[in-house]
Amino acid sequence: MPQVKTKDESRRSAKWHMRRRAIIDLSAEVFAKRGYHATSTIELCEANQLGKGALYYYIGSKEQLLAAIHDRVMDEVLLGADRVALAGGSPPEQLAMLGQELLDVISRYPDHVWVFLHEFHALTGENAEQFRKRRRQYERRVEGVFEAGPRLTARAWLGMHNYTYLWLKANGRLSAKQIAASFADIFVWGTANPSAMMPRVIADTGG
């Protein structure tokens, strides 16, 4: 489930939360273009048309902003895992649905996912611990679908899906749902007879 909000955040107005989300989304784009360490607080303020005091009011420190971007990704993928669990189905069906949910997040939040995969090492202290806990929580949800050798298998599955951020396009010839279905077939049945799925995937990625 999404991260529990602090008492201060829960008392904020809907307008405050909307502005905060907009700052997180725009800052994810800035970090994805320039890198976390290469981006100054002044540049973040300029991009969001805010003074330093206003940025602190909505977010806090630069690292808190990075943590908020990571939380946005984790909120989405964990909600997707919840939907899959509620839907039920066989392990292959759940695997396909998990893939669809994950690729949907990657296609909708490409900048957030880039920051998530590249900049998590910059998180420190409680921010780093919270990130590790939530990432492990999602990994356990994936592992639960597999019956044997779950952790290594789940990591292989995650790697297969996570790095679609390098080529997945929201308006590509194949939807996230179609790619997830092909990935599920490859993962469950192997690549002994890939003719029905691989040409479409290769064509869409420009291979």
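**Figure 1. Salt bridges in the predicted model.** The structure holds twelve salt bridges, and the model in which they occur is a predicted one. Side chains of opposite charge can pair when their charged atoms come close. One of these pairs is R34 with E43, whose closest N and O atoms lie 3.3 Å apart. R34 is partly exposed, because its relative accessible area of 45% falls between the limits of 20% and 50%. E43 is also partly exposed, at 25% relative accessibility.

**Figure 2. The salt bridge between R134 and D75.** The side chains of R134 and D75 meet with an N to O distance of 2.8 Å. R134 belongs to helix α8 (residues 125-143) and D75 to helix α5 (residues 62-87), so this salt bridge ties together parts of the chain that are 59 residues apart in sequence. R134 is buried: its relative accessibility is 3%, and the cut-off for a buried residue is under 20%.

**Figure 3. The salt bridge between D82 and R141, and a network of shared partners.** D82 and R141 form a salt bridge through their side chains, with 3.0 Å from N to O. This pair too links distant parts of the chain, since D82 sits in helix α5 and R141 in helix α8, 59 residues apart. D82 has a relative accessible area of 26% and is partly exposed. R141 is partly exposed as well, with a relative accessible area of 26%. Elsewhere, salt bridges with shared partners connect D71, D75 and R134 in one network.

**Figure 4. Packing of helix α5 against helix α8.** Two packed helices are described by the angle between their axes and the distance between the axes. For α5 and α8 the angle is about 15° and the axes are 10 Å apart. The two helices are therefore roughly parallel to each other, as the angle is under 35 degrees. The crossing of α5 past α8 is left-handed. On the α5 side the contact is made by E63, Q64, A67, H70, D71, M74, D75, V77, L78, A81, D82 and A85. On the α8 side the contributing residues are N127, F131, R134, R135, Q137, Y138 and R141. By residue class, the contact of α5 with α8 consists of eight nonpolar, four polar and seven charged residues. The salt-bridge partners D75 and R134 are among the residues of this contact, as are D82 and R141.

**Figure 5. Surroundings of K62 in helix α5.** K62 is located in helix α5. Leaving aside residues up to four places away in sequence, K62 touches F31, Y36, H37, T39, T41 and L44. For one of these residues, Y36, the C-alpha to C-alpha distance to K62 is 9.0 Å, with a sequence separation of 26 residues.

**Figure 6. T164 and L168 in the loop between α9 and α10.** T164 is placed in the loop that runs between α9 (150-162) and α10 (176-189). At a relative accessibility of 1%, T164 counts as buried. Its contacts, not counting residues up to four places away in sequence, are L103, I106 and F183. L168 is found in the loop between α9 and α10. With a relative accessible area of 12%, L168 is buried. L168 touches L103, I106, S107 and I179, again without residues up to four places away in sequence. L168 and I106 are 62 residues apart in sequence, while their C-alpha atoms are 7.8 Å apart in space. L103 and I106 appear in the contacts of T164 and in those of L168.

**Figure 7. Backbone of Q49 in the loop between α3 and α4.** Q49 lies in the loop between α3 (41-48) and α4 (52-58). The phi angle of Q49 is near 55°, a positive value in a residue other than glycine. Q49 is exposed, because its relative accessible area is 74% and the cut-off is over 50%.

**Figure 8. The whole chain, for orientation.** The protein chain contains eleven helices and zero strands. Of its 207 residues, 42% count as buried. Among contacts between residues at least 6 apart in sequence, 70% join residues at least 24 apart.

Methods: Residues are numbered from 1 along each chain as its sequence is written. This is a predicted model: local features need pLDDT of at least 70, side-chain atom pairs count only at pLDDT 80 or more; totals for chains, interfaces and linings use all residues. Side-chain values use heavy atoms; hydrogens and water are left out. A salt bridge is a side-chain nitrogen of Lys or Arg within 4 Å of a carboxyl oxygen of Asp or Glu. Buried means under 20% relative accessible area, exposed over 50%, partly exposed in between (1.4 Å probe, protein chains only). Helices (H or I, at least four residues) and strands (E, at least two) are DSSP runs, numbered from the N terminus. Contact means heavy atoms within 4.5 Å. Axes are lines fitted to C-alpha atoms, for helices over the stretch in contact, and angles run from 0 to 180 degrees between N-to-C directions. Angles under 35 degrees count as roughly parallel, over 145 as roughly antiparallel, 65 to 115 as roughly perpendicular and the rest as oblique. A crossing is left-handed if the near helix is turned anticlockwise from the far one by less than a right angle, and right-handed if clockwise. Ala, Val, Leu, Ile, Met, Phe, Trp, Tyr, Cys and Pro count as nonpolar, Asp, Glu, Lys and Arg as charged, and the others, Gly among them, as polar.
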